[in-house]
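Please walk through this model with attention to how its side chains pack, beginning with the aromatic rings and moving on to the nonpolar interior.

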Amino acid sequence: MRTRFFRTLLAVAACACAAVPPAFAAGEAKGTVTSKGRTANVKYAYLVKGPDAVSKQVIRRLILSATDLSAKIAGCKTMSCTDGDLGDGLSINLEAGPRFSFWMVLNDQKVQYSGTEPYASLAAKTDDPKRLAGTLRFDKTGAGGPKVDVEFDAALVKEVTQ
């Protein structure tokens, strides 16, 4: 009788755990960020929201990474923290205006490039406050920058106030 009780309890616990989604999960991304002979195969997408360090305006930031940054981003209290551990990938600030700013890093931040790009390079299939999904394609190789070709689906995973 005791064995049956524990088996039932274990089955109920397993079902309960399976029904609860993870509190923090990276979105999916696939594609490449290439610059100066190096390539990052992007696999993870994150959408975060908070004030821009310079303008203090609340923005959304899309982070596309070759490595899982979930634990780091989950612990962030400031916007600058959210992409601080990005070693291979791209961070995009979605701001008001005709262009977005981006920061590309490769080889554990040894290769960097920042710039702006017209919003036309971002083809969103879904664009609402809680989710951003679509494709990002642009080529800055003529100016020494990256070539980006990434498909992504990112839910809002973090909101910060600083």
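In this predicted model, the aromatic rings form 4 pairs. One of them joins Phe100 and Tyr119 in an edge-to-face arrangement, with 5.5 Å from centre to centre and 70 degrees between the planes. Because Phe100 belongs to strand β5 (residues 99-106) while Tyr119 sits in the loop between β6 (111-118) and β7 (122-128), the pair ties together parts that are 19 residues apart in sequence. The two partners can also be described by their accessibility: Phe100 is buried, at a relative accessible area of 1%, whereas Tyr119 is partly exposed, at 25%. Both residues belong to one aromatic cluster, which also includes Phe102, Tyr113 and Phe138.

Phe100 leads on to the nonpolar interior, since it is among the residues with the most contacts inside the largest nonpolar core, a set of 26 residues in which Val33, Leu64, Leu90, Ile92, Leu136 and Phe152 are likewise listed. Strands β1 (27-35), β2 (38-51), β3 (58-65), β4 (89-94), β5, β8 (131-139) and β9 (147-159) each supply at least two residues of this core, and the largest share, 5 residues, comes from β9. Apart from this core lies another one, of 11 residues, among them Tyr46, Ile59, Leu86 and Val105. Leaving aside residues up to four places away in sequence, Leu64 touches a set of residues including Ala29, Val42, Leu90, Ile92, Leu136, Val150 and Phe152, and also Leu86.

A polar detail is found at Ser70, which lies in helix α2 (residues 70-74) and counts as buried at 12% relative accessibility. The side chain of Ser70 makes a polar contact with that of Asp68, at 2.6 Å.

Conventions. Residues numbered from 1 in each chain as written. Predicted model: local features only at pLDDT ≥ 70, side-chain atom pairs only at ≥ 80, totals over all residues. Heavy atoms only, no water. Phe/Tyr/Trp six-rings, centres within 6.5 Å; stacked < 30°, edge-to-face > 60°. Helix = DSSP H or I, 4+ residues; strand = E, 2+ residues; numbered from the N terminus. Buried < 20%, exposed > 50% of the residue type's maximum accessible area, 1.4 Å probe, protein only. Polar contact = N/O pair within 3.5 Å; in protein donor to acceptor, adjacent residues only side chain to side chain. Core = buried A, V, L, I, M, F, W, Y, C linked by side-chain atoms within 4.5 Å. Contact = heavy atoms within 4.5 Å.
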